[in-house]
Amino acid sequence: MSDNIRKYSHKNPNLFELRLTSCLDGYSNTKGKPGLPEPSSPSSRRDRRALSTIMTHDVNTLPKHEPAFNAFSEAFISDPLPFMHKGLRHQGVLKHETTLDPIYSLFRYEDVKHVLLDWETFSSAPINTDLDALNLGRATENFILMDPPRHNRLRALAQQGFFPKVIERFLPRAQRIANERFDYALEADRFDLVNDVSAQLTIGMITGILGLPSEDWPVIRDWTNVMQRNTMASFWLTEWDHERSEGVERVTGEMADYFHDHLQFLKKHPTDDNILSILMTTELDGERFTDEEIESTAMLLLLAGNETTTNLITNFVRCMARYPTQFDLLKRDHSLRNAAIEETLRLEPSLRMTVRSVCQDVEFHGVSIPAGNSVALWLMAANRDPDVFDNPDQFDLTNKRPRHLSFAAGPHFCLGAPLARMEADVAAHTLLQRVQHIELLSPPQMSDNGNLNNILSLEARFEGY
Ligand code: HEM
């Protein structure tokens, strides 16, 4: 093993030790990044994908006969927890050998957090600049896939729309939509918690925030449904999935055209009641932002903020139904609302994992990860790490917990976290005011993308006061 390898290990369960022996200089994006192989052409990549059957086997740290998991398997999608616990137990590193790029899963809280913070070694830009394999269609120019310093400029722009005083302006809108949706749910004999309540609230909010006509709701729901199926899918799929890739191609094309037209409309009708209009007039360091930058930011906000928050609200209600003693506790003491939302986020993170590209050889707990590979960071497992959380699998409103990683950490910490928390708080407040009993009438229908904790539909019944 060379001296240039960064080594990470837990000698003692509570002690995270980082032995740092050398470090690369910073860089702005993957192009020309040291340690990463040159990209191949899109067509050759596509062909390789089409032919490849990805073998998700081996694992340096597991007995040879024990297969690693595949996040797109039915077993994983319906219940990822056994896999998360296994990953936490087995030294925290699992290697998934594929015919293309191996991917190494990390599970432990300190490992995941460390990678999220160390953006110079672990880049957000896709490995090999292989955007084609990531299947992002026209959604590639967004800052979630960039590293500092390029990332900083666009994030600083979008940040203008997420200051508390801007978010507060949308509070009455959130409450009005929540009231309407709870009216509907309380009157219905049974309703779909996702499509009749949570998604309506979050799409109603994102359309208001981006200044989009509310009648575009169905098309936005269609876009987000197609895109959620694809999120980080290429890391686990056993073969190239044409249906998914064609859907993404179509949707990102439609979205790019839609936001292009929308910006022209906003220019002709100036206002300051939505984030995009605010961004168009914002200057940072004497510079305005280009239409293309604002359009790609709008696409990112629409995609990053929609399903994630829908799932937070759905899972909050679901947790209240599944843990009735905790629901009773909350009914008696509404000041625990914030703790209830954070516990939901910790146990049911909307993104179960995220990915980083390794730019320098590293070693975790004796497993070497060469530059040019990817690491899957299992936020869901990190949030249940017994070295960090007491009784990690319990939903516990009274336990003061360390900070969970559901919104990530470091330079890419979720920009929309205050908005998501505000929407969840409005839903929680409305639930506590109006609902005394929740009955879940069906198992959750999960998305076929195991990277996400995406519930597509869940039948429920409310009993009001
Ligand atoms: C419960 C709801 C949400 C969850 C769990 C969530 C989770 C996350 C996570 C884990 C990341 C980091 C991804 C990475 O670095 O690989 C992220 C980034 C981001 N999120 Fe959220 N998100 C939520 C809601 C929202 C909302 C409502 C918006 C905006 C409307 C939003 C906008 C963003 C943006 C723009 C980024 C990229 C930040 C950057 O790259 O600097 N998110 N989110």
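Two strands count as a pair here if DSSP finds at least two bridges between them. The close-ups below all come from a predicted model.

**Figure 1. The overall chain, before we zoom in.** The protein chain carries 18 helices and 14 strands. Of its 465 residues, 46% are buried. Take the contacts between residues at least 6 apart in sequence: 74% of them join residues at least 24 apart.

**Figure 2. A three-stranded open sheet with β14 in the middle.** The strand order is β6-β14-β11, and the pairing is antiparallel. Because β6 (191-192) and β11 (435-440) sit at the edges with a single partner strand each, one side of each has no neighbour in the sheet. In general, strands of a sheet pair through backbone hydrogen bonds, either parallel or antiparallel. Here β11 pairs with β14 (residues 459-464) in the antiparallel sense, over five bridges. If you want landmarks along that pairing, look for L440, which stands opposite A460 in β14, and for I438, whose bridge partner in β14 is F462. On the other side, β6 and β14 are joined over two bridges, again in the antiparallel sense. A460 turns up there too, as the β14 bridge partner of F191.

**Figure 3. A five-stranded open sheet with a helix packed on it.** Reading across, the strands run β3-β4-β10-β7-β5, and the pairing is mixed. The edge strands are β3 (93-96) and β5 (122-123); each has a single partner strand, so one side of each is left without a neighbour in the sheet. Strand β4 (residues 103-106) and strand β10 (residues 374-378) pair in the parallel sense over four bridges. Within that pairing, L106 stands opposite L377 in β10. Now bring in helix α4 (residues 109-117), which packs on the sheet and touches β4, β5, β7 (353-358) and β10. The direction of α4 makes about 125° with that of β10.

**Figure 4. The largest nonpolar core, with L377 as a guide.** This core has 112 residues, and those touching the most other members are L106, V112, F316, L377 and W378. Helix α9 (residues 193-210) gives the most to the core, with ten residues. Which residues does L377 contact, leaving aside neighbours within four places in sequence? The list is L106, V112, V115, L116, M353, T354 and R356.

**Figure 5. The shell around the ligand.** There are 25 residues around the ligand, and G305, T308, H412, C414 and G416 come nearest. Four elements give two or more residues to the shell: α6 (150-159), α13 (291-305), α14 (307-322) and α18 (417-434). The largest share comes from α13, which gives four residues. By residue type, the shell is made up of 15 nonpolar residues, nine polar ones and one charged.

**Figure 6. L351, a buried loop residue.** Look in the loop between α16 (337-347) and β7 to find L351. Is L351 buried or exposed? The cut-off for buried is 20 or more other C-beta atoms within 10 Å. L351 has 23 of them within 10 Å, so it counts as buried. Leaving aside neighbours within four places in sequence, L351 is in contact with T308, L379 and L452. T308 should ring a bell from the ligand view, as one of the residues that come nearest to the ligand. M380 is 29 residues away from L351 along the chain, yet their C-alpha atoms are separated by 7.8 Å.

**Figure 7. Three spots with unusual backbone geometry.** Most residues other than glycine have a negative phi, and most peptide bonds are trans. The peptide bond from P148 to P149 is cis, with omega near 5°. P149 belongs to the loop between α5 (131-134) and α6. Next stop is D285, with a positive phi near 50°. D285 lies in the loop between α12 (275-281) and α13. A residue counts as exposed if 12 or fewer other C-beta atoms lie within 10 Å of its own. D285 is exposed because it has 6 C-beta neighbours inside 10 Å. Last up is N391, with a positive phi near 40°. N391 sits in the loop between α17 (379-382) and α18. With 10 C-beta neighbours inside 10 Å, N391 also counts as exposed.

How values were computed
Residues are numbered from 1 along each chain as its sequence is written. This is a predicted model: local features need pLDDT of at least 70, side-chain atom pairs count only at pLDDT 80 or more; totals for chains, interfaces and linings use all residues. A residue is near a molecule or strand if its C-beta atom, placed from the backbone, lies within 6 Å of it. Ala, Val, Leu, Ile, Met, Phe, Trp, Tyr, Cys and Pro count as nonpolar, Asp, Glu, Lys and Arg as charged, and the others, Gly among them, as polar. Two residues are in contact if their C-beta atoms, placed from the backbone, lie within 7 Å. Axes are lines fitted to C-alpha atoms, for helices over the stretch in contact, and angles run from 0 to 180 degrees between N-to-C directions. A nonpolar core is a set of buried Ala, Val, Leu, Ile, Met, Phe, Trp, Tyr and Cys residues joined through C-beta atoms within 7 Å.
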